[in-house]
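Subject: Structure handover

Hi,

Here is the structure for you to look over. My notes follow below it.

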Amino acid sequence: MFIVNFNQFVYALFILCLISTGSTAHAELGTRFKVGAGYAHYDLDVGEDTSSQPLGFTHSLPYGTAEIVVHGDQLFLSASYLQTTEGDIEQEPFGQTLMGPGTRSGDFKHNQLRVKLGYRIVNTFSLYLGYERSLSELSYAFEFPKAGDNNPSLNPGDQFNLNAQYEFSTSGPLLGMNYAFTPKEAPLYLSLNLDVSELDGKLENTNNQALINGTDSGSADNTDSTLTDRSAVATRVGLNLTYRFTQGQTVKTNIEVQNKDFGFNSENIYFAGVEYGF
């Protein structure tokens, strides 16, 4: 019941804010564009009930981001996109399975899109609502060098490898606030962002390739299945320090923490970066 009410509430507010922009149609509009780069620490924890293979990991990798903001006297509309590089997950061993003990290696990348419509109540305080979507792509290579000695469906001495691709996607409405503090006669200001979102999360196994002694067995090719599909409340906290060094040009450093817990999966991302705006 909470999920439906929250979604309806945010979407209703979004529509009301769009309607209210008619009253500011003649207000002078401005546009800001920001690009940035930083480093993200990503922690993915997947429950044992979702797969016989371990999917969770902890990894750090760089990212780039771009944002455009259209603003009037009090209303603003922004769209931002973030993309990480593709990071390697180093080979590591894991415990006993039906194929015996094994190792895994792989790569990972993540992107997210956020659209926000906000209203500045006073100079230092704003409320906003919007929509966010994220996609994490995982590619794993599992190796079981002693599979034939542990699985009766294989011959003794057989080695079993599995190449698998997974996608974890989330999407849903968000509601948040921003508070800014500007020291007197200083070219810098500090701002705090806090938002809550109701997200649908889906973990999918998009493709598999099974190899026995290096030869494609064809037993698991092109598997496309949804492992789990659930909803959860997610939180995001961000702290920004912005410095204006010329008229219309800014540099911003930011730290941001996200948490998404879907029961079958918990996702924590820590972003730290620098943005240049003009």
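Start with His110. His110 touches Tyr42, Leu82, Gln83, Thr84, Ser134, Leu135, Ser136, Glu267 and Ile269, leaving aside residues up to four places away in sequence. Its relative accessibility is 1%, so His110 counts as buried, the cut-off being under 20%. The residue sits in strand 5, which spans residues 102–122.

Bear in mind that this is a predicted model. The protein chain has an average pLDDT of 80, and 78% of the residues score at least 70. By element, the lowest mean pLDDT is 52, for helix 1 (residues 2–20). The highest is 93, for strand 3 (residues 75–84).

Now the strand pairing. Strand 5 runs antiparallel to strand 6 (residues 125–144), with 19 bridges between them. Two residues form the hairpin connection from strand 5 to strand 6. To find your place in this pair, take Thr103: its bridge partner in strand 6 is Glu143.

Strand 6 also pairs with strand 7 (residues 160–181). That pairing is antiparallel too, over 20 bridges. Here Tyr128 is a handy marker: Gly176 in strand 7 stands opposite Tyr128.

One point for reading side chains along these strands: in a regular strand they alternate between the two faces of the sheet.

In short, His110 is a buried residue of strand 5, and strand 6 pairs with strand 5 as well as with strand 7.

Best wishes

Terms used:
Residues are numbered from 1 along each chain as its sequence is written. Side-chain values use heavy atoms; hydrogens and water are left out. Helices (H or I, at least four residues) and strands (E, at least two) are DSSP runs, numbered from the N terminus. Buried means under 20% relative accessible area, exposed over 50%, partly exposed in between (1.4 Å probe, protein chains only). Contact means heavy atoms within 4.5 Å. Two strands pair if DSSP finds at least two bridges between them. pLDDT is the predictor's confidence in each residue, from 0 to 100.
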